[in-house]
Amino acid sequence: MAGAAGRVVRRWYPSVLRSSLQVPALQLHMSKTAMRASQKDFESALSQVKRLKDPGNEVKLKLYALYKQATEGPCNTPKPGVFDLINKAKWDAWNALGSLPKETARQNYVDLVSGLSSSSDSSSQVKPEADRKQPGYETLVVTSEDSITKIMMNRPAKKNAITIQCLRVHKYQPSSSFSPTHSDVPSEMYNEIMLALKAASKDDSAITVLTGNGDYYSSGNDLSNFTDIPPEGIEEKAKSSAILLRDFVDCFIDFPKPLIAVVNGPAVGISVTILGLFDTVYASSRATFHTPFSHLGQSPEGCSSYTFPKIMGPAKAAEMLIFGKKLTAAEACAQGLVTEVFPDSTFQKEVWTRLKAYSKLPPNAMRISKQVIRNREKEKLRAINAEESRALQERWLSDECTNAVMNFLTRKAKL
Ligand SMILES: CCCCCCCCCCC/C=C/C(=O)SCCNC(=O)CCNC(=O)[C@H](O)C(C)(C)COP(=O)(O)OP(=O)(O)OC[C@H]1O[C@@H](n2cnc3c(N)ncnc32)[C@H](O)[C@@H]1OP(=O)(O)O
């Protein structure tokens, strides 16, 4: 680290990123916006970053994206070809920041570097996140540290939209208490989240966190799930999807440990409705909460037809679930859907400090407390989940739904 006498510092940033991270001082002066508030902190973070130990590719991409956003604003270069893997990964990371303001990007860069510096200062034994990452997931990054298992949805370029497996490899098994139905080839996000939850329910962590990578928490169901129609026909796909949905939501109903949502940005659809099944929901001030089911010709899931009226009262729930009213983080907190809102610039730091403290509480006591709070509702929640899934199975076959999805996929409509 900086000033660490006699320590040999390995330069970790590879040549492909070096040109962007090793910034000549002059470049810092190119934008007036980049000169405001924390310019000094930003400059110091830029030089600090060169002395850090390798934080892993994922973090390097985050740093790259934030640097570009802070200095140039939203992604403004053409998307590299699919085979240009490194530049495509960099482009995706930058593009995923959407319209994040330069100021916020600069602050997030400074916060990220400061977090990396302090963790690398406090323990040279800590493995970089890439090393702690549990293998076998394609759409998630799952890590366990400090008695916390973190499940991070990791399709930032697609706003963490949740993908389904096609019918050909999805196997139906009746849902049981905590045995997610998944295929032998669990490559897509619904299945991977179920697998990650199942693993977290058995590992030695005290609490489990679901969060998103990039500027979104999640944009909900990936609407291209509607396009992969198997030879068996759309009715069969709707049927197997309803089973998948029911099993997915059952995993949240039955999850035995404290489950915390770290809502890092906007949330849409099913990523919002299942929040009613979490124990705690922390939101960045940038987060929004949107359930545009009627717009999509669909109906509520995730037990929200029961949890939302219970949490916020029937009138407010109807505005969200029937009329698709989008809530800001502050509004969602006032309605009781969100536990606490943190300023976006300090969100990660404050939330993880809080969670680390909670994760030191006696794990068995936390599990029992959750059981006591949740158990008498479980049967009811499962029945509601099954009913909502059945209603959706029919909705997915309706013209209203087909037209709404086609409008999105042909880019005629966004939310
Ligand atoms: C036959 C039956 C099959 C049924 C299968 C069902 C399985 C279970 C379903 C459970 C029920 C769940 C319901 C829901 O979750 S409803 C909510 C669905 N979500 C949406 O309607 C959001 C759609 N997305 C948007 O409106 C916008 O993308 C958004 C406002 C989120 C962001 O806009 P922005 O302009 O900032 O960014 P882009 O639109 O350019 O997005 C970047 C790229 O990401 C792609 N994207 C984003 N969200 C989705 C999504 N939900 N589905 C698919 N693709 C998504 C977007 O297309 C861009 O891609 P490209 O860069 O390739 O263009």
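Which residues lie nearest the centre of the second largest pocket? In this predicted model, they are Ser219, Asn221, Asp222, Leu223 and Phe408, which belong to a lining of 46 residues. The space within the second largest pocket amounts to about 1,200 Å³. Several elements of secondary structure contribute to its wall: helix H8 (234-254), strand E7 (288-290) and helix H15 (399-409) each provide at least two lining residues. H8 gives the largest share, with six residues. By residue class, the lining of this pocket consists of 25 nonpolar, twelve polar and nine charged residues.

The pocket may now be set within the chain as a whole. The chain contains 15 helices and nine strands. It has 415 residues, of which 51% count as buried. Among contacts with a separation of 6 or more, 75% are made by residues 24 or more positions apart. The domain assignment gives domain 1 as residues 39-117, whereas domain 2 comprises two segments, 140-168 and 185-414. Taken over C-alpha atoms, the centres of domain 1 and domain 2 are separated by 27 Å. Each domain brings twelve residues to the contact between them.

Strand E2 offers a suitable point from which to examine the strands. Strands of a sheet pair through backbone hydrogen bonds, in either a parallel or an antiparallel sense. Strand E2 (residues 148-153) has pairings of both kinds: it runs antiparallel to strand E1 (residues 140-145), to which six bridges join it, and it pairs in the parallel sense with strand E3 (residues 207-212), again over six bridges. Individual bridge partners show how these strands are aligned. Val141 of E1 stands opposite Met152 in E2, while Ile148 of E2 has Ile207 in E3 as its bridge partner. E1 and E2 form a hairpin with two residues between them. One residue of the turn, Asp146, has a positive phi of about 55°.

Where do the side chains of E2 point? In a regular strand the side chains alternate between the two faces of the sheet. In E2, Ile148, Lys150 and Met152 point one way, and Thr149, Ile151 and Met153 point the other way. The residues on both sides are buried. Because six of the six residues of E2 are buried, this strand is largely enclosed by the rest of the structure.

A further sheet involves E7, the strand already met in the lining of the second largest pocket. This open sheet has three strands in the order E5-E7-E8, and its pairing is mixed. Strand E5 (267-268) and strand E8 (327-328) stand at the edges and have a single partner strand each, so one side of each is left without a neighbour in the sheet. E7 and E8 pair in the antiparallel sense over two bridges. In this pairing, Thr288 stands opposite Thr328 in E8.

The last stop is a loop residue. Gly336 is placed in the loop between helix H12 (329-334) and strand E9 (340-342). Is Gly336 buried, partly exposed or exposed? Its relative accessibility is 42%, so Gly336 counts as partly exposed; the range for that class lies between the limits of under 20% for buried and over 50% for exposed. Gly336 and Ala96 are 240 residues apart along the chain, and their C-alpha atoms are separated by 29 Å.

Notes:
Residues are numbered from 1 along each chain as its sequence is written. This is a predicted model: local features need pLDDT of at least 70, side-chain atom pairs count only at pLDDT 80 or more; totals for chains, interfaces and linings use all residues. Side-chain values use heavy atoms; hydrogens and water are left out. On a 1 Å grid over the protein atoms alone, a cavity is a set of points where a 1.4 Å probe fits but cannot get out, and a pocket is an open set with protein on both sides within 12 Å along at least five of seven lines; lining residues have an atom within 4 Å of a point. Grid points are joined across faces, edges and corners, and a volume is the space filled by probe spheres set on the points. Helices (H or I, at least four residues) and strands (E, at least two) are DSSP runs, numbered from the N terminus. Ala, Val, Leu, Ile, Met, Phe, Trp, Tyr, Cys and Pro count as nonpolar, Asp, Glu, Lys and Arg as charged, and the others, Gly among them, as polar. Buried means under 20% relative accessible area, exposed over 50%, partly exposed in between (1.4 Å probe, protein chains only). Two strands pair if DSSP finds at least two bridges between them. Domain bounds come from an automatic or database domain assignment. Contact means heavy atoms within 4.5 Å.
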